[in-house]
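The following explanation moves from one helix to a surface patch and then to the domain assignment. Please keep the sequence and the model in view while reading.

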Amino acid sequence: MAPVLQSSQQWVEKYRPKQVKDVAHQEEVVRVLTNTLETSNCPHMLFYGPPGTGKTTTALAIAHQLFGPELYKSRVLELNASDDRGINVVRTKIKDFAAVAVGSGQRQGGYPCPPFKIIILDEADSMTEDAQNALRRTMETYSKVTRFFFICNYISRIIEPLASRCAKFRFKPLSEEIMSSRILHICKEERLNLDAEALSTLSSISQGDLRRAITYLQSAARLFGSSISSKDLISVSGVIPQEIVKAFLVTCKSGNFDVANKEVNDIIAEGYPVSQMLYQLLELVVEADDVSDEQKARICKKLAEADKCLVDGADEYLQLLDVASNTMRALCNMPQEFSYEC
Amino acid sequence: MLWVDKYRPKTLDQVMVHQVIAQNLKKLVTEQDCPHLLFYGPPGSGKKTLIMALLRQMFGPGAEKVKVENKTWKVDAGSRTLDIELTTLSSTNHVELNPSDAGFQDRYIVQEIIKEIAKNRPIDTKGKKGFKVLVLNEVDKLSREAQHSLRRTMEKYSSYCRLILCCNSSSKVTEAIRSRCLNVQINAPTEEEIAKVLEFIGNKEGLQLPSGFAARIAEKSNRSLRRAILSFETCRVQQYPFTSKQVIPPMDWEEYVAEIASDIMKEQSPKRLFQVRGKLYELLVNCIPPEIILKRLLYELLKKLDVELKHEVCHWAAYYEHRMRLGQKAIFHIEAFVAKFMSIYKSFLVATFG
């Protein structure tokens with residue numbers, strides 16, 4: 001494969017921490033893993049937490065630190081959701097890899113090289129239940145020579161027997177300060193100009209997801225050059241400007257259906273993603289002081305239904321209009337039930 | 001040649017509506033390279049035009065010499081081989097296709113074609129631009145699996161090909177793909193912008209435009225530039241010189257839907273429902289997409305209804321449209337909506353007038 005052009009390299013990859021101790025904000029995990037490096041022994045592990053908090057980074061870093069570049073290929077198997085991962089793969093590929101014996105642990109070139117292999121299953125929550133079940137016995141049988149690292153967003157999607165075989169680590173969403181310091185570091189390296197307002201915008205739109213923050217930053221840098229304002233960041237992130245969402249809510253409060261209909265039309269014509277709109281509307285409604293709890297409940301219920309419909313592929317305009325009409329009825333205290341239905 | 005094609009901007013500098021975006025895109029590709037791109041926006045807003053202009057900017061006029069190819073792809077899907085037929089548009093530097101045409105087999109198509117492109121990597125005489133561009137239309141109609149398999153493929157072959165994705169609504173594209181692309185939001189042109197473009201075309205064609213005429217077409221166009229230009233041309237064919245009172249002809253199917261709406265309002269009975277069904281079938285066999293019929297029907301009905309009924313009717317429209325997506329035959333759901341509406345309206349009439 002030809003080398004990837006320098007400019008096309010993703011910053012997310014470029015600034016991925018190479019060592020476990022560089023992973024930001026996850027002290028407990030880092031402490032356990034540093035210990036692992038010293039004793040060169042570790043249990044099966046399960047990393048879970050929201051996206052962009054460093055789960056994959058940590059797993060890759062520990063694998064690299066344990067084995068070094070030379071042995072890495074032969075000792076580590078990395079599978080993620082894009083690879084085919086049905087029950088067949090578990091029965092053949094994973095099992096074959098797990099069964100291979102490895103030489104006794106000698107330090108090579110300054111790396112601990114413990115006598116086991118690592119299988120990293122990224123995005124394990126998208127594995128089918130059957131495939132997970134097929135793994136149970138494999139994990140135990142070959143536990144002498146193989147360690148499994150599971151990485152997932154939702155621990156509830158991992159079947160209980162697998163979860164109970166692993167040491168679980170929860171990755172916390174990154175706090176704003178940690179995020180800012182990483183972003184500023186990248187800005188310095190890439191010689192970008194980011195003012196304080198843009199920095200806080202970036203932290204708020206990425207919601208603790210460092211990867212997303214870096215991606216936005218790179219997109220903005222590519223489109224708008226080296227000095228980036230908070231408006232540029234909003235435009236690349238696809239976040240809807242707060243004023244529009246507020247205006248939408250105000251219109252709903254006014255109780256005029258035709259005005260709301262026009263507003264919905266405009267939102268669609270501007271090309272704003274409706275799922276994002278629903279999300280921001282939810283945030284606004286939940287935080288609003290002048291909306292009673294019952295009204296909030298009614299609005300939120302509809303938002304959830306509309307989101308499900310959108311996932312099923314329903315039309316954006318109709319769903320948003322339905323949400324608008326429902327919100328209006330809730331805010332103006334009109335009855336929830338329709339009067340002419342039979 | 002239709003005016004829509006005749007006056008389609010060929011380069012990024014000629015673009016009239018999204019000038020800021022065009023200039024940004026130009027900046028983006030000056031460094032010989034671009035990231036994966038995702039264009040999203042409502043129909044008729046100029047996504048395709050921008051993409052074509054961008055390709056021209058990257059590869060020069062050669063990007064416009066496209067040939068249509070209808071090819072059968074042999075895909076090895078584990079235990080069996082599949083034959084998938086698909087039409088592609090390609091030039092030396094780019095390939096364009098509608099992966100959703102392949103139905104549920106779309107995931108194979110995407111991977112197979114990207115691999116094929118990776119194999120035949122073009123080499124310039126100067127040894128530069130060693131990548132092709134793959135333009136995928138209607139990504140929002142791709143199945144979940146295809147989108148999932150796309151994300152790894154995108155990373156793996158990023159040195160061979162760049163993807164330009166194009167879709168109407170970005171909420172149907174998974175987060176994973178969106179985060180790998182540079183998202184470009186294309187909004188629908190405002191009515192003033194449309195009017196400006198129409199005046200520009202009128203000038204080029206040497207036509208006399210009465211004042212306010214362009215604005216009236218723009219108003220009727222639902223902020224879709226393509227539609228505005230098409231109806232402008234229709235007006236030109238119908239009557240020239242233009243008069244300021246000239247009627248801008250609506251689309252015939254829209255008139256038909258309006259007729260259905262007034263039918264429903266006039267009488268609510270099984271007999272009328274039966275007649276309406278015939279008319280709906282008429283629309284469907286003429287290839288008007290069902291969700292558009294439903295939306296238009298709602299639009300017509302909302303114009304005539306009392307406020308208290310509007311909430312109810314729009315709720316049911318959303319409800320049946322969602323059902324339509326999940327179900328198989330659209331006619332059931334449109335008809336169910338009509339029946340529902342009739343029952344609501346009837347009981348409203350009974351309650352109001354006794």
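**A helix, a patch and the domains**

At the start of H9(A), the backbone nitrogen of A:Arg211 has a side-chain oxygen of A:Asp209 within 3.1 Å, where a polar contact is a pair of N or O atoms within 3.5 Å, one able to donate a hydrogen and the other to accept it, and residues adjacent in sequence count only if both atoms are side-chain atoms. This is a predicted model, in which local features need pLDDT of at least 70, side-chain atom pairs count only at pLDDT 80 or more, and totals for chains, interfaces and linings use all residues. Residues are numbered from 1 along each chain as its sequence is written, chains are lettered from A and ligands numbered from 1 in the order in which they are written, and side-chain values use heavy atoms, leaving out hydrogens and water.

Helix H9 of chain A covers residues 210-224 and spans 21 Å from its first C-alpha to its last, close to the 21 Å expected at 1.5 Å a residue. Because 11 of its 15 residues are buried, H9(A) is largely enclosed by the rest of the structure; buried means under 20% relative accessible area, exposed over 50%, and partly exposed in between (1.4 Å probe, protein chains only). Among the buried residues are A:Leu210, A:Ile214, A:Tyr216 and A:Leu223. After the helix comes A:Gly225, with a positive phi near 85°.

Helix H13 of chain A (residues 274-287) contains A:Leu282, which counts as partly exposed because its relative accessibility is 31%.

Chain A is assigned domain 1 (11-170), domain 2 (176-237) and domain 3 (242-332). The centres of domain 2 and domain 3 of chain A, taken over C-alpha atoms, are 29 Å apart.

Methods
Helix = DSSP H or I, 4+ residues; strand = E, 2+ residues; numbered from the N terminus. Expected span 1.5 Å × (residues − 1). Domains from an automatic or database assignment.
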